Amino acid sequence: MSMNKSERLVNVIKKDRRVIIGLMSGMSMDGIDLAMVEINGKFPDLDIKLLDDFYLPYSLEMKKELRQIVSGDFSSVSKMNFKVGKAFADAVNTFIRDRKIDPQSIDAIGSHGQTVFHETGSNVSTPSTLQIGSGSVIAELTGIITVHNFRERDIAAGGNAAPLVPLVDWLLFREKGSVVACNNLGSISNVTVVTQEIEGVFAFDTGPANMQADYFSSLVPGDTYGYDHDGLYSKKGKVLPELLNEFLKHPYFLLPPPKALGFQQFGAIATEKVIKGKCDNFLPEDLVMTAIEIAARTLVNAYTDFVLPKVPSLDKIYFSGGGAKNPTLMNRIRELLPDGVQALTLTDKNINYSDSKEALAFAVLAGELLSGRCGNIPSVTGASHACVLGDISI
């Protein structure tokens, strides 16, 4: 006789070894990253292995509808919550079918969902976040226990709910006797400074990474990528000093950590307000190159102002995410970093999950919930205490 859903949940909670699928879609809203992860052992000495990964792009219609929500069409939020949940479930079901995996061998899904709003900080009257992609829909359509809604609890405890990956960075990258930095270049650039002891870990968003460059890339005539593919556009452009300086004045860059970013600061609407009436005669490629320069400058300034004063011995930064594949961005980062600080990629470290690192992270955070452990680091998010993150749909 097969177990009912509650019995299966209890069985999964009791396990020392779990296979969990992590799901993630970033602020670029281009598709769904999937990572199938095996997690063994006792905390904090967890053995975390990427077994496989997968990517399912959003349809053009889905992208359009998501961008309408971000632009303020909240009447569609409810419908998109279910549509995105179905899309996430489709990613899991397609992956399982294509890889000929028995769904019963997957203990759980950890779904981050699709962020459509995130606004936190001491100057915000009601800090809040919203990730759509119903966990109940995912659980129903896959038949697999789904952990979701990871960010709300941290905000309820006074935190920014971002970054949430630092616990996983610490589990994966801590090195005895040394300090390393892990920097993800997604829509936003976020750094985790990984110390040997978890109490020393700190992390924050340095500024935009691909968010503005993606927006300007979409303005290039004939664009089919929606981003600066291999630096194709930026290498043809030049930096626009006036526009660069305008963005560098943003007050976010002066704030000390902990701090986090969202669409509200550097998304399409905010960017349009700054450039309105200033860029009519500029080539889109110049705008893309300026966005790359903004990303590189603000990242290096963040290290100079907030990281290196605390850890002057830091000599390695491991970059991941889509921006790590952009040679223009990586070259500018390397040119601007102080002497003695290497800008490496996870590929340089022979790690196979550079593209799926954040999806892997939410598989691990789902495992932490199932183990009854906290998933945030209060010194990183600003929360008043460590919290168990996520909801469970069975």
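**Close-up A. Strands β7 and β10 side by side in the predicted model.** Here β7 (residues 180-185) and β10 (residues 316-320) run parallel, with 4 bridges joining them. Pick out C182 and look across to β10: the bridge partner there is Y318. As a reminder, strands of a sheet pair through backbone hydrogen bonds, either parallel or antiparallel.

**Close-up B. The open sheet around that pair, made of 5 strands.** Reading across, the order goes β9-β8-β7-β10-β11, and the pairing is mixed. At the edges sit β9 (202-208) and β11 (342-345), each of which pairs on one side only. On average, neighbouring strands in this sheet are turned by 25° against each other, ignoring direction.

**Close-up C. Helices α6 and α11 against the sheet strands.** Helix α6 (residues 166-173) packs on the sheet and touches β7, β8 (188-194) and β9. The direction of α6 makes about 50° with that of β8. Helix α11 (residues 284-307) lies across β7, β8, β9 and β10, and runs at about 150° to β9.

**Close-up D. Helix α2 and its buried and exposed residues.** Which residues of α2 (residues 60-70) are buried? They're M62, K63, L66 and I69. Those four cover an arc of only 120° around the axis, so they end up on the same side of α2. Over on the other side, L60, E61 and K64 are exposed. The buried residues of α2 pack against α3 (77-98), β4 (108-119) and β5 (128-132). Just after α2, check out G72, which takes a positive phi of about 120°.

How values were computed:
Residues are numbered from 1 along each chain as its sequence is written. This is a predicted model: local features need pLDDT of at least 70, side-chain atom pairs count only at pLDDT 80 or more; totals for chains, interfaces and linings use all residues. Side-chain values use heavy atoms; hydrogens and water are left out. Two strands pair if DSSP finds at least two bridges between them. Helices (H or I, at least four residues) and strands (E, at least two) are DSSP runs, numbered from the N terminus. Axes are lines fitted to C-alpha atoms, for helices over the stretch in contact, and angles run from 0 to 180 degrees between N-to-C directions. Contact means heavy atoms within 4.5 Å. Buried means under 20% relative accessible area, exposed over 50%, partly exposed in between (1.4 Å probe, protein chains only). The arc is that of the directions from the helix axis to the C-beta atoms.
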